[in-house]
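Please look over this protein model with its metal site, core strands and hollow spaces in mind. The report below takes these topics in turn.

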Amino acid sequence: MLVVMQEGAAEAQIQAVIDRMVAMGFNVHRSTGVVHTVLGGVGPMDEFDPAAFEVMEGVKECHRIMSPYKLASRSFRPGGTIIKVGGVEIGGPKVVVMAGPCSVESEQQIARSAEQCAAAGASFIRGGAFKPRSSPYAFQGLGEEGLKLMRRAADQHGLLVISEVMDHTQIPMMLGYCDVLQVGARNMQNFNLLKELGKIRKPVLLKRGISATIEELLLSAEYVMAGGNYEVILCERGIRTFETYTRNTMDISAIPVVKKLSHLPMVADPSHGTGRRDKVIPMARASVAAGADGLLVEVHPNPNEALSDGPQSLYPDQFNELMAQLKIIAPAVGRTL
Ligand code: PEP
Ligand code: MN
């Protein structure tokens with residue numbers, strides 16, 4: 001259920017509504033918007049009379065949320081959510097670019113990457129230290145040592161850090177190095193991991209599962225939010241279809257669909273979305289044109305020597321070219337870069 005308080009409702013009025021919701025068995029999540037305070041009630045009860053709340057003092061309206069996800073629903077925060085990380089705002093007018101190699105491989109590789117990505121205008125460096133590889137014999141990542149190298153390189157160039165968390169036991173250590181924790185496609189429905197991420201107070205970037213519906217993506221976001229962490233960034237990264245030409249099918253349509261259904265920021269990963277370097281730039285352009293709040297792009301100083309995802313990693317020159325094109329596209333859809 002959702003209770004929207006009147007503009008300027010008194011704290012005592014808000015508290016009275018919260019008390020009543022709690023007495024009825026709801027867990028209450030409070031969202032303080034610019035104008036209205038919204039109280040989201042998550043609980044066992046579907047049958048209640050919204051009018052019982054609408055007659056309470058200070059209440060503007062009350063309704064049931066029909067979607068299975070409540071806190072992730074657009075109605076919880078109709079104006080949208082802006083997530084602030086360092087000096088960067090995700091979900092605001094600026095399209096936020098997160099770029100870097102698939103994996104952190106060496107001190108030199110991540111230092112070069114940070115230098116090149118920062119020069120091109122990225123806000124974040126990405127790089128996996130724990131890699132979810134299809135084969136157990138493939139490079140599995142440098143672990144904490146990789147995060148140390150990436151944090152140092154990022155700090156030298158004023159970048160923020162995003163990296164993938166594969167297991168809940170890695171969370172406390174990773175919080176010391178990362179500004180945003182990424183949940184990979186394979187872990188989108190690792191509900192224990194999502195619950196643990198609900199307890200932290202740093203943003204989580206949640207990738208759409210390889211064969212997940214949009215509703216399942218939003219329900220996974222709901223797991224994190226139900227734990228009290230409202231800072232969830234969603235990410236379209238391509239889904240598995242019958243098409244084999246590309247590694248995945250980049251579902252550009254998911255971007256406007258999610259923007260309508262949810263208030264959460266939505267970014268796009270055209271690298272995993274296509275798996276082919278020559279298709280990354282067109283899909284990145286299309287994602288921004290479709291309303292993505294940001295991009296997650298794989299860029300490598302020398303893709304031919306990459307230990308993972310070389311074929312889909314952009315050369316630094318290509319990344320520069322993409323950024324130049326986005327500077328033209330973003331303003332055409334009311335955004336900045
Ligand atoms: C990655 O970002 O390198 C990655 C493994 O992504 P995904 O979980 O989307 O496959
Ligand atoms: Mn990758």
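## Terms and basis

Two strands pair if DSSP finds at least two bridges between them. Strands (E, at least two residues) and helices (H or I, at least four) are DSSP runs, numbered from the N terminus.

This is a predicted model: local features need pLDDT of at least 70, side-chain atom pairs count only at pLDDT 80 or more, and totals for chains, interfaces and linings use all residues. Residues are numbered from 1 along each chain as its sequence is written, chains are lettered from A and ligands numbered from 1 in the order in which they are written, and side-chain values use heavy atoms, with hydrogens and water left out.

## Strand β7 and its partners

Strand β7 covers residues 96-100. It pairs with strand β8 (residues 124-126) in the parallel sense, over two bridges. Here M98 stands opposite F124 of β8. β7 also pairs with β14, again in the parallel sense, over five bridges. In that pairing, V97 has L295 as its bridge partner.

Five of the five residues of β7 are buried (under 20% relative accessible area; exposed is over 50%, partly exposed in between; 1.4 Å probe, protein chains only). In a regular strand the side chains alternate between the two faces of the sheet. In β7, V96, M98 and G100 are buried on one side, and V97 and A99 are buried on the other.

Helix α3 (residues 107-120) joins the picture: β7, α3 and β8 make a right-handed β-α-β unit. Right-handed means that, with the strands pointing away from the viewer, the path from the first strand over the helix to the second runs clockwise.

## The manganese site

Which protein atoms are donors to the manganese ion (ligand 2)? They are C102 (SG), H272 (NE2), E298 (OE) and D309 (OD), at 2.0 to 2.4 Å from the ion. Donors are N, O and S atoms within 2.8 Å of the metal (3.2 Å for Na, K and Ca); water is not among the atoms, so sites may look incomplete.

Along the chain, the donor spacing reads C-x169-H-x25-E-x10-D. H272 sits in helix α9 (residues 270-274) and E298 in strand β14 (residues 294-298), so this pair ties together parts that are 26 residues apart in sequence. Both H272 and E298 are buried.

## Pockets

A pocket is an open set of points on a 1 Å grid over the protein atoms alone, with protein on both sides within 12 Å along at least five of seven lines; lining residues have an atom within 4 Å of a point. Grid points are joined across faces, edges and corners, and a volume is the space filled by probe spheres set on the points.

The largest pocket has a volume of about 370 Å³. It is lined by 20 residues, with G33, V34, R77, P78 and G79 nearest its centre. β4 (59-63) gives the most to this lining, three residues.

The second largest pocket holds about 240 Å³. Of its 19 lining residues, P132, R186, R247, H272 and D309 are the closest to its centre. Two of these names, H272 and D309, also appear among the manganese donors.

## The cavity

A cavity is a set of grid points where a 1.4 Å probe fits but cannot get out. The structure holds one of 30 Å³ or more. The largest cavity has about 40 Å³ of space. R126, G127, G128, K131, I162, S163, E164 and Q182 line it. Strand β9 (residues 160-164) provides the largest share of this lining, three residues.
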